[in-house]
Amino acid sequence: MTTHLDTHPRTHCAIDTDGRLTFRLPPTAGARPRLLLRLRPKKGRPETTLHLLDLEPGRADGDLHAVLEPHPALDEGRWDLYLLPEPDAERQRLRPGLKDLRALVDGHLRDRPAPVAVRIPYVTKDGFLALRAWRRTAHAEARAIDVTQQAVTVQARLHGAELHADATVRLRLRGTDTVRELRPRIDDDGRGFSVTVGQEDLTGGAEATGRIWDVFVRPTTGATPIRIGRLLDDVADRKHVFVYPALTAGGFSSRPYYTVDNDLAIEVTPAESPICPK
């Protein structure tokens, strides 16, 4: 029986409340080791964005340490991590070690200034260490989502902007110019809000086929709509983790869910024929 030896270095990482990431790797024989972060390109596109961090030996443990400061913010997307032992050496993917993400767990409780920058370490499907990063001018963080027999109610909080009296929640039918506008209930501080979406808001006047509504908040008339999602905790991919029940009425089934980018959407299908949203 042959045992496969995994030669990919294991990397410990920890993040603080400011978003500062510290990485720790075992010593390497390379003369000038560095940590390479690569923004994963879209399918069929070349890689264009790389970020290099110097790896320095720690005073106590002898391991190599690198620090990714919170600024400048990383471009939005998924970043793969590599060890670059020397400038011209072949880069090596990194396996995850211990991840200390405790500072992220209650991240939704802290107000964030604009721009809102988030990074979450996670493990890829093939077992390597990566970062999920978001960078947005402003962000509306979904909190509680309540589904009853009559409606879907979403509670959220705005970061990087403030709500005015004429603020609206916008449902945009994906792939079309169709928009439904609803009035939210706004908290006294101009940041927290909630909105209730009825089945008629999702189905009235539309064809009886599968559809997906993306959910935004517009702070005031004429302002750029801000996507509602959930980014401010330690879950990098929540689509299959947070699963909500469906509101079923009038021959339709409406179910809130998080997209692959952790943005909030509502899937509407004929009650007998659910689809698989993206």
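Two strands pair if DSSP finds at least two bridges between them. Strands are DSSP runs of E with at least two residues, numbered from the N terminus. By that rule, β18 pairs with strand β19 (residues 226–229): two bridges join them, and they run antiparallel.

This is a predicted model, in which local features need pLDDT of at least 70, side-chain atom pairs count only at pLDDT 80 or more, and totals for chains, interfaces and linings use all residues. Residues are numbered from 1 along each chain as its sequence is written, and side-chain values use heavy atoms, with hydrogens and water left out.

**Strand β18 and its partners**

Start with β18, which covers residues 211–218. Eight of its eight residues are buried (buried means under 20% relative accessible area, exposed over 50%, partly exposed in between, with a 1.4 Å probe and protein chains only). Both faces are covered. R211, W213, V215 and V217 lie on one side. I212, D214, F216 and R218 lie on the other.

The table lists pairings of β18, each with one facing pair of residues.

| Partner of β18 | Bridges | Sense | Facing pair |
|---|---|---|---|
| β14 (residues 168–173) | six | antiparallel | V169 and V217 |
| β22 (residues 264–270) | four | antiparallel | V268 and R211 |
| β19 (residues 226–229) | two | antiparallel | R227 and F216 |

What holds paired strands together? Strands of a sheet pair through backbone hydrogen bonds, either parallel or antiparallel.

**A buried aspartate**

D214 is found in strand β18. Why does D214 count as buried? Its relative accessibility is 10%. Its side chain makes a polar contact with the side chain of R174, at 2.8 Å. A polar contact is a pair of N or O atoms within 3.5 Å; within protein, one must be able to donate a hydrogen and the other to accept it, and residues adjacent in sequence count only if both atoms are side-chain atoms. Leaving out residues up to four places away in sequence, D214 also touches others, including R170, L171, R227 and A265. Contact here means heavy atoms within 4.5 Å.

**Strand β17**

Strand β17 spans residues 192–198, and six of its seven residues are buried. Seven bridges join it to strand β13 (residues 151–159), in the antiparallel sense. There, A151 stands opposite G198. Strand β16 (residues 185–186) also runs antiparallel to β17, with two bridges. I186 faces F193 in that pairing. The hairpin of β16 and β17 has five residues between the strands, and G190 takes a positive phi near 75°.

**An open sheet**

Five strands form an open sheet in the order β5-β6-β2-β1-β9, with mixed pairing. β5 (56–57) and β9 (95–100) stand at the edges with a single partner strand each, so one side of each has no neighbour in the sheet. Inside the sheet, five bridges join β2 to β6, which run antiparallel. T22 stands opposite V67 in β6.

**Two nonpolar cores**

A nonpolar core is a set of buried Ala, Val, Leu, Ile, Met, Phe, Trp, Tyr and Cys residues joined through side-chain atoms within 4.5 Å. The largest has 32 residues. Among those with the most contacts inside it are F23, L37 and L131. Elements that give two or more residues to this core include β1 (10–15), β2 (21–25) and β11 (129–136). β11 gives the most, with five residues. A second, separate core has 31 residues, including A156, F193, V217 and I226. In soluble globular proteins, nonpolar side chains tend to be buried together.
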